[in-house]
Amino acid sequence: MGEGMSKRLKVQLGGSEAEMEERAFGNPYPDYPPHGAAAAAAAAQPSSTDLEGKRCRSASPQRDEEDGLPFDGDGKITSYFNRRVTTKIKDLLQQMEEGLKTADPHDCSAYTGWTGIALLYLQLYRVTKEQSHLQRSLDYVKRILRNLNGRRVTFLCGDAGPLAVGAVVYHKLKNDSESKECVTKLLQLQRIVLATDSDLPDELLYGRAGYLYALLYLNTEIGPDTVPQSVIKEVVDSIIESGKNFSREERKTERCPLLYQWHRKQYVGAAHGVAGIYYMLMQPESNVDQETLTDLVKPSIDYVRHKKFRSGNYPSSLSNETDRLVHWCHGAPGVIHMLMQAYKVFKEDKYLKDAIDCSDVIWQRGLLRKGYGICHGTAGNGYSFLSLYHLTQDKKYLYRACKFAEWCLEYGAHGCRIPDRPYSLFEGMAGAIHFLSDILVPQKSRFPAFELGPLRKESQEEHNS
């Protein structure tokens with residue numbers, strides 16, 4: 001009996017320590033220090049990534065770190081840490097470009113292919129305003145638009161990604177005819193998304209939520225009327241009807257009014273699961289009415305919340321009782337975004353509390369042996385801290401994001417597993433570069449192909465200038 005109880009507890013609490021160590025490195029960094037003398041002592045503890053430049057910092061008359069932190073009292077990244085990150089980005093970009101010479105020429109996806117690289121350069125242009133980055137993005141856009149396969153419809157894994165990124169790049173270059181052509185082709189995919197005889201799923205990577213993201217992306221990056229609200233409404237309604245129908249089939253209408261499956265599993269995480277779908281439905285640009293949000297989305301989120309492990313992590317699927325994965329695709333780093341959005345929409349503290357619990361799990365178990373990427377790597381996990389910092393303005397989360405960035409500054413030194421597509425946006429080096437670039441301006445960071453920027457009037461003004 002004692003042995004059986006022990007095994008059950010290990011399942012509930014995350015399996016054996018050996019298994020957890022197999023998936024993640026122990027976090028070597030002290031957590032964000034409180035104010036006062038103890039803070040200075042904690043902040044002064046050098047990590048492995050601090051030692052390299054310690055002598056340079058202390059000798060520099062320009063030293064602007066306050067209490068050894070990588071940001072000042074206003075949350076602005078210090079010049080020293082900025083230089084370290086910028087230098088590493090240049091180094092990794094050079095490695096990435098060399099490595100891409102042997103990448104699959106036919107993979108045009110944002111997830112592992114050339115659209116992801118175009119998106120990275122678009123991000124670098126956003127952060128630095130260097131025209132060369134926008135031009136480099138255009139080089140990749142031209143390449144991918146010649147090779148659309150027509151098989152998939154999502155932003156991350158289908159034609160919607162290349163077309164949406166192409167539309168934005170051409171818009172920024174003030175090439176309206178090319179931009180509008182991309183938008184037109186993107187909207188033509190809607191018939192596949194809405195086809196009643198389609199077996200298209202609803203999740204983010206391959207399903208309707210992934211197409212919805214592409215539509216919302218255009219409206220935030222180009223202008224609010226780029227995609228008509230009627231088109232967005234049809235896609236949103238299709239996602240909602242699909243969730244209601246499957247919930248009825250599973251006899252869970254009362255407990256979870258919107259339920260989804262992918263490959264016959266009711267996944268939870270952001271990539272294939274309900275967290276990603278609910279997150280997209282709660283976006284202001286999706287324009288879901290408050291009654292639907294309250295009556296259908298909110299109880300469904302609460303149903304997922306009750307599946308939380310004692311650790312604060314979440315299962316990969318509703319039937320899975322093993323606390324193992326701490327990835328954006330499966331586990332707390334994806335669910336946290338759903339919880340933060342629920343807090344914004346419903347203004348209830350329980351969602352923020354659960355998001356903070358997720359953050360603690362990610363801090364403890366988020367330096368992944370799988371690598372540094374976005375989908376199931378340290379960079380993707382680091383974005384959860386940046387997003388929580390946006391929401392709370394608590395510098396604890398900016399600090400945690402910076403520490404995960406420090407880990408990425410030692411790219412390749414930890415003995416992580418090498419991904420199948422080692423230079424791609426969601427599996428490899430391009431994702432780490434994207435995260436590091438967002439650390440430079442953390443107040444404007446956004447998880448690529450997932451978080452949306454604000455609707456900005458100045459984007460149209462900038463275009464007309």
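Modeller: A helix here is a DSSP run of H or I of at least four residues, and helices are numbered from the N terminus. The model is a predicted one. By that rule, His106 falls in the loop between helix 5 (79-99) and helix 6 (114-128).

Biologist: Why is His106 called exposed?

Modeller: The cut-off for exposed is over 50% relative accessible area. His106 has 63%, so His106 counts as exposed. Its C-alpha atom is separated by 7.2 Å from that of Asn147, 41 residues away along the chain.

Biologist: How many helices and strands does the chain have?

Modeller: The chain has 20 helices and 0 strands. Buried residues make up 57% of its 465 residues.

Biologist: What makes Gly382 buried?

Modeller: Buried requires under 20% relative accessible area. Gly382 is at 0%, so Gly382 counts as buried. The residue is in helix 17. Beyond its neighbours within four places in sequence, Gly382 contacts Ala401, Phe404 and Phe435.

Biologist: Which residues does UniProt list for "binding site"?

Modeller: The UniProt record, an unreviewed entry, lists Cys329, Cys375 and His376 under that name. Such an annotation may be inferred rather than shown by experiment.

Biologist: How do you know that these residues gather at one spot?

Modeller: They span 48 residues in sequence, but no two of their C-alpha atoms are more than 6.4 Å apart, so they do gather at one spot. Contacts are in line with this: outside its neighbours within four places in sequence, Cys329 touches Cys375 and His376, among others. The partners of His376, with the same neighbours left aside, include Tyr111, His327 and Cys329.

Biologist: Are Cys329 and His376 buried or exposed?

Modeller: Cys329 is at 7%, under the 20% limit, so Cys329 counts as buried. His376 is at 18%, also under 20%, and therefore counts as buried. Both positions are in loops: Cys329 between helix 14 (290-305) and helix 15 (332-346), His376 between helix 16 (349-365) and helix 17 (378-392).

Biologist: Why is the pair Arg136 and Glu97 called a salt bridge?

Modeller: The rule asks for a side-chain nitrogen of Lys or Arg within 4 Å of a carboxyl oxygen of Asp or Glu. Arg136 and Glu97 are 3.1 Å apart, N to O, so the pair qualifies. The bridge links distant parts of the chain, with Arg136 in helix 7 (residues 131-145) and Glu97 in helix 5, 39 residues apart. Glu97 is buried at 18%, whereas Arg136 is partly exposed at 30%.

Biologist: What separates Glu241 and Lys244 along helix 12?

Modeller: They are 3 residues apart in helix 12 (residues 229-249), which means a separation of about one helical turn. Their side chains meet in a salt bridge at 3.2 Å, N to O. Glu241 has 38% relative accessible area and Lys244 has 27%; each value lies between 20% and 50%, so both are called partly exposed.

Biologist: What makes Asp357 and Lys308 a salt bridge?

Modeller: Their closest N and O atoms are 3.0 Å apart, and the limit is 4 Å, so the pair counts. Asp357 is in helix 16 and Lys308 in the loop between helix 14 and helix 15, 49 residues apart. Salt bridges with shared partners join this pair with Lys298, Asp302, Arg305, Glu348, Lys350, Lys353 and Asp354 into one network.

Biologist: How many salt bridges does the rule give?

Modeller: The count comes to 24.

How values were computed: Residues are numbered from 1 along each chain as its sequence is written. This is a predicted model: local features need pLDDT of at least 70, side-chain atom pairs count only at pLDDT 80 or more; totals for chains, interfaces and linings use all residues. Side-chain values use heavy atoms; hydrogens and water are left out. Helices (H or I, at least four residues) and strands (E, at least two) are DSSP runs, numbered from the N terminus. Buried means under 20% relative accessible area, exposed over 50%, partly exposed in between (1.4 Å probe, protein chains only). Contact means heavy atoms within 4.5 Å.
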